[in-house]
Amino acid sequence: MDKIGFIKKDMYNLECSVNGKLRNHDVELVTEYFMAEQKKNEAFYFKIEGDGHDRFSRCFWADATSRRAYGFYGDVVVFDTTFNTNRYDLTFAPMLGVNNHGQTIVLACAFLSKETTESFVWMFEEFKKAMPGGEPKTIITDQDAAMAIAISIAFPTTFHRLCIWHITSKFSVKLPRDAYKEYWREFQKAIWDTDNKDEFDAK
């Protein structure tokens with residue numbers, strides 16, 4: 001071990017040193033990176049806002065491939081903010097779609113410091129600026145009041161639907177245990193094996 005010139009402690013010290021030099025330069029560094037990407041391809045779109053102390057407040061980006069894909073597969077967009085980054089305490093907010101092969105595709109991404117109506121409106125407005133054709137026909141989200149208000153403001157003609165996974169995951173919490181165990185399969189049949197509203201309501 002004493003013959004190794006670079007041990008774990010040295011690695012830790014180097015990382016601390018580098019992080020110290022980069023601290024409070026987040027906006028500057030990411031802006032430089034995004035501008036370099038834009039220089040490679042002018043269709044790369046981004047918008048960054050700081051908090052006045054050279055730290056992120058919010059950041060949105062979409063590359064050329066994603067923007068082109070939206071033109072083909074942007075009818076339905078899934079917006080998910082259930083990802084968090086521990087280091088910066090920012091919410092990662094991707095906007096996703098599905099291509100003609102049934103594969104998930106990334107249409108755009110954002111980092112948000114706050115999950116407020118104002119933050120979501122800002123992101124959706126940037127999304128409309130970046131994407132050909134403007135707002136999507138349908139957007140699927142979790143059940144978030146601030147998000148729902150923002151969608152009604154920024155995407156007034158878009159159908160807003162709630163994610164079925166988020167709905168069904170609450171069954172075991174909202175229903176009495178016995179009812180959940182007894183009727184869960186019936187709930188699944190009602191959800192997945194019906195073709196229209198009347199049949200669903202009857203079940």
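Modeller: In this predicted model, helices and strands are DSSP runs, with at least four residues for a helix and at least two for a strand.

Colleague: Which elements each supply at least two residues of the lining of the second largest pocket?

Modeller: Strand β9 (159–162) and helix α6 (164–169) do. The lining consists of R161, L162, I164 and I167, around a space of about 160 Å³.

Colleague: What makes the lining residues of that pocket 3 nonpolar and 1 charged?

Modeller: Leu and Ile count as nonpolar and Arg as charged. L162, I164 and I167 are therefore nonpolar and R161 is charged. No polar residue is in the lining.

Colleague: Why are α4 and α5 called oblique to each other?

Modeller: Helix α4 (residues 117–130) and helix α5 (residues 145–154) pack at about 40 degrees, with axes 8 Å apart. Roughly parallel needs an angle under 35 degrees, and roughly perpendicular begins at 65. The pair is therefore oblique.

Colleague: Which residues of α4 and α5 make the contact?

Modeller: On α4 they are T117, F120, V121, F124, E125 and K128, and on α5 they are A146, M147, I149, A150, I151, I153 and A154. By class, this contact has 10 nonpolar, 1 polar and 2 charged residues.

Notes. Residues numbered from 1 in each chain as written. Predicted model: local features only at pLDDT ≥ 70, side-chain atom pairs only at ≥ 80, totals over all residues. Heavy atoms only, no water. 1 Å grid on protein atoms, 1.4 Å probe; cavity = no way out; pocket = protein on both sides within 12 Å on 5 of 7 lines; lining within 4 Å. Points joined across faces, edges and corners; volume = space filled by probe spheres on them. Axes fitted to C-alpha atoms, helices over the stretch in contact; angles between N-to-C directions. Parallel < 35°, antiparallel > 145°, perpendicular 65-115°, else oblique. Contact = heavy atoms within 4.5 Å.
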